[in-house]
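This briefing goes through selected side-chain features of the model shown below, grouped by topic. Please read it with the coordinates open.

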Amino acid sequence: MNAKELIQLNNEKRESLNEENLAYYEDMLLYIRATFNRSEQHTEELLMELLDHLLDAQSNGKTATEVFGDDPKSYCKEMIKELPKEKKISSAIFIFYLACYGLAWASIPYGIISLFLDTPADSVQLGSAAIIVTVNALLMVFCVFLVFKLIGWTTYNQIHKVLELFLYMLVFILFVVGGLFLSRSIPSFGPAITLSPLIYIVIGVILFGISYVLNKAFKITKA
């Protein structure tokens, strides 16, 4: 059973947990899944083992606290240490998928808005454009990494929901403002080409297609 199938089965089995055990287990699930660099396949296998163990215990009248202890964060940390790291090729595919998906979302709206506003075609210099795309893709991956860290940190730390929302907004602002700042800081160089709004839309659709194929081939998303 692959990771995506395990996730689906996990979603179905969790419905059998009572309210108390479900809350306890879902915090564990969030914390363990938020570990960015561990094998997804082994992570989902571990989560399934924990869930099966908890369901067996629940059928015998036990609570999650009685099974896993009153310090689930430490328990999860010990479990995570045993998980192998994700293969470099899988990490590279994931990063490439994110880059294609994110750039598609930037390219298509920009092209559509420019088309409706009748904005003149852009003159783009290929050297600087390649650097800007690479830098923004890396920035996006860094921000995704921060989001994973935030999910893990907020799972077992009691912080106000407003503060939690503020922290996520900070990551978003970092991505937008950081991307604009870095893009404007890179000097223009290389041969120039002209990109019309329609070309931006076409590029975005192609990038969406690439990300879709990658997702289908490597089962990247959990949905």
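In which helix do Lys161 and Glu164 both lie, and how many residues apart are they? Both belong to helix α8, where they are three residues apart, or about one turn of the helix. The model is a predicted one, and the points below take up its salt bridges, its aromatic pairs, a nonpolar surface patch and the surroundings of one serine.

**Salt bridges**

- Five salt bridges are found when the whole structure is searched, and among them is the pair formed by Lys13 and Asp52, whose closest N and O atoms are 2.7 Å apart.
- That pair links distant parts of the chain, since Lys13 sits in helix α1 (residues 3–14) and Asp52 in helix α3 (residues 40–59), with their positions 39 residues apart in sequence.
- Both partners have intermediate accessibility: Lys13 counts as partly exposed at 25% relative accessibility, and Asp52 counts as partly exposed at 28%.
- Within helix α8, Lys161 forms a salt bridge with Glu164, and the closest N and O atoms are 3.5 Å apart.
- The two ends of this bridge fall into opposite classes, because Lys161 is exposed with a relative accessible area of 61%, whereas Glu164 counts as buried at 17%.
- A further bridge joins Lys81 to Glu78, with 3.3 Å between the closest N and O atoms; both residues lie in helix α5 (residues 72–82), three residues apart, which is about one turn of the helix.
- Here Lys81 counts as exposed at 56% relative accessibility, while Glu78, with a relative accessible area of 42%, is partly exposed.

**Aromatic pairs**

- Seven aromatic pairs are found in a search of the whole structure; one of them is Tyr24 with Phe68, whose ring centres are 6.1 Å apart and whose planes meet at 20 degrees, so the pair is stacked.
- Because Tyr24 lies in helix α2 (residues 19–33) and Phe68 in helix α4 (residues 64–68), this pair ties together parts that are 44 residues apart in sequence, and both residues are buried.
- The rings of Tyr31 and Tyr156 have centres 5.4 Å apart and planes at 55 degrees, so this pair is tilted.
- Tyr31 lies in helix α2 and Tyr156 in the loop between α7 (126–155) and α8, so the pair ties together parts that are 125 residues apart in sequence; Tyr31 itself is buried, with a relative accessible area of 12%.
- One aromatic cluster is formed by Tyr97, Tyr101, Trp105 and Phe208.

**Surroundings of Ser211**

- Ser211 lies in helix α9 (residues 197–218) and is buried, with a relative accessible area of 2%.
- The side chain of Ser211 reaches the backbone oxygen of Phe208 at 2.8 Å, and Phe208 is itself a member of the aromatic cluster.
- When its neighbours within four places in sequence are left aside, Ser211 is in contact with Tyr97, Cys100 and Tyr101, and of these, Tyr97 and Tyr101 also belong to that cluster.

**Nonpolar surface patch**

- A nonpolar surface patch of about 930 Å² is made by residues including Leu163, Phe166, Met169, Ile173, Val177 and Leu180.
- Leu180 has its place in helix α8 (residues 161–185) and is partly exposed, with a relative accessible area of 48%.

Key
Residues are numbered from 1 along each chain as its sequence is written. This is a predicted model: local features need pLDDT of at least 70, side-chain atom pairs count only at pLDDT 80 or more; totals for chains, interfaces and linings use all residues. Side-chain values use heavy atoms; hydrogens and water are left out. Helices (H or I, at least four residues) and strands (E, at least two) are DSSP runs, numbered from the N terminus. Buried means under 20% relative accessible area, exposed over 50%, partly exposed in between (1.4 Å probe, protein chains only). A polar contact is a pair of N or O atoms within 3.5 Å; within protein, one must be able to donate a hydrogen and the other to accept it, and residues adjacent in sequence count only if both atoms are side-chain atoms. Contact means heavy atoms within 4.5 Å. Patches are made of residues with over 30% relative accessible area and no salt bridge: like charges are joined within 9 Å, nonpolar side chains (Val, Leu, Ile, Met, Phe, Trp, Tyr) within 5 Å. Accessible areas come from the Shrake-Rupley method with a 1.4 Å probe; for residues, only the protein chains shown count as cover. A salt bridge is a side-chain nitrogen of Lys or Arg within 4 Å of a carboxyl oxygen of Asp or Glu. Rings of Phe, Tyr and Trp (its six-membered ring) pair if their centres lie within 6.5 Å; planes under 30 degrees apart count as stacked, over 60 as edge-to-face and the rest as tilted.
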